Amino acid sequence: MLADIVEKGRHLAGDNAVDVIGDIAAGVGLVEVDRVRFSNALATFVGHAGRSVPGALVRLYVAPLEGSQVGFALEIPAQRDIRDSDSGESQGVYKSMPSPHRGLALGMGLARSIIELHGGTIHRVDRGTKGLRFVVKLPAYRPSVELPLAPLYTSPMPPKAT
């Protein structure tokens, strides 16, 4: 699923390059999600990073949380304003600035809805000169009963003996 998030996020970033580093902590339980929609939701935030901060390095952390939850944290760097830099290099001042790509606001609203429909929550943490962190919390999947085994055939009629 993380590979899907990265691939879709890079696509949503458009022509802007975005690198994603993922880290999954030990002990992360299963989450029951619609793989396509949930991947698209998190990829929206990766795409936002790429469009807002060309060349962004996004960090994606997945870790178990208290209370039978799984957390996904996306760290997005602040946009660097090269005009504030003496030489235009990395010692420039980093600022959080609004994105010129306003169409992503709708996508991020839809992503929030998808996360909430999965029983999760999302909140934004402003990290000042370090950028933003989006934290998604989802309930971990805990089956209360053992699931029955799937049948070996799917036809409504049992197979004929030959």
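**Questions about a five-stranded sheet and its helices**

Author: Welcome! In this predicted model, 5 strands form an open, mixed sheet in the order S1-S2-S3-S7-S6. Strand S1 (18-24) and strand S6 (121-126) are its edge strands, each pairing on one side only. Local features here need pLDDT of at least 70 and side-chain atom pairs count only at pLDDT 80 or more, while totals for chains, interfaces and linings use all residues. Residues are numbered from 1 along each chain as its sequence is written, and side-chain values use heavy atoms, with hydrogens and water left out.

Reader: What makes S1 and S2 a pair of strands?

Author: Strands (E, at least two residues) and helices (H or I, at least four) are DSSP runs, numbered from the N terminus. Two strands pair if DSSP finds at least two bridges between them. S1 and S2 have 7 bridges, in the parallel sense, so they meet that definition. Glycine 22, for example, has leucine 60 in S2 as its bridge partner, and isoleucine 21 stands opposite arginine 59 in S2.

Reader: Why is the pairing of the sheet called mixed?

Author: Strands of a sheet pair through backbone hydrogen bonds, either parallel or antiparallel. Here S1 and S2 are parallel, whereas S2 and S3 pair in the antiparallel sense over 7 bridges. S6 and strand S7 (residues 132-139) also run antiparallel, joined by 6 bridges. In the S2-S3 pair, tyrosine 61 is partnered by alanine 73 of S3; in S7, leucine 132 is the bridge partner of aspartate 126.

Reader: What joins S6 to S7 in the hairpin, and which glycine has a positive phi there?

Author: There are 5 residues between S6 and S7, and glycine 128 in the turn has a positive phi of about 65°. The hairpin of S2 and S3 has 3 residues between the strands, with glycine 67 at a positive phi near 75°.

Reader: Why are H1 and H2 called oblique to each other?

Author: Their axes come within 7 Å and cross at roughly 45°. Axes are lines fitted to C-alpha atoms, for helices over the stretch in contact, with angles from 0 to 180 degrees between N-to-C directions. Under 35 degrees counts as roughly parallel, over 145 as roughly antiparallel, 65 to 115 as roughly perpendicular and the rest as oblique. H1 and H2 are therefore oblique.

Reader: How do you know that H1 and H2 meet, and which residues take part?

Author: Contact means heavy atoms within 4.5 Å. Among the residues that meet are Asp4, Ile5 and Leu12 in H1 and Val36, Leu42 and Arg51 in H2.

Reader: What kinds of residues make up that contact?

Author: They divide into 6 nonpolar, 5 polar and 5 charged. Ala, Val, Leu, Ile, Met, Phe, Trp, Tyr, Cys and Pro count as nonpolar, Asp, Glu, Lys and Arg as charged, and the others, Gly among them, as polar.
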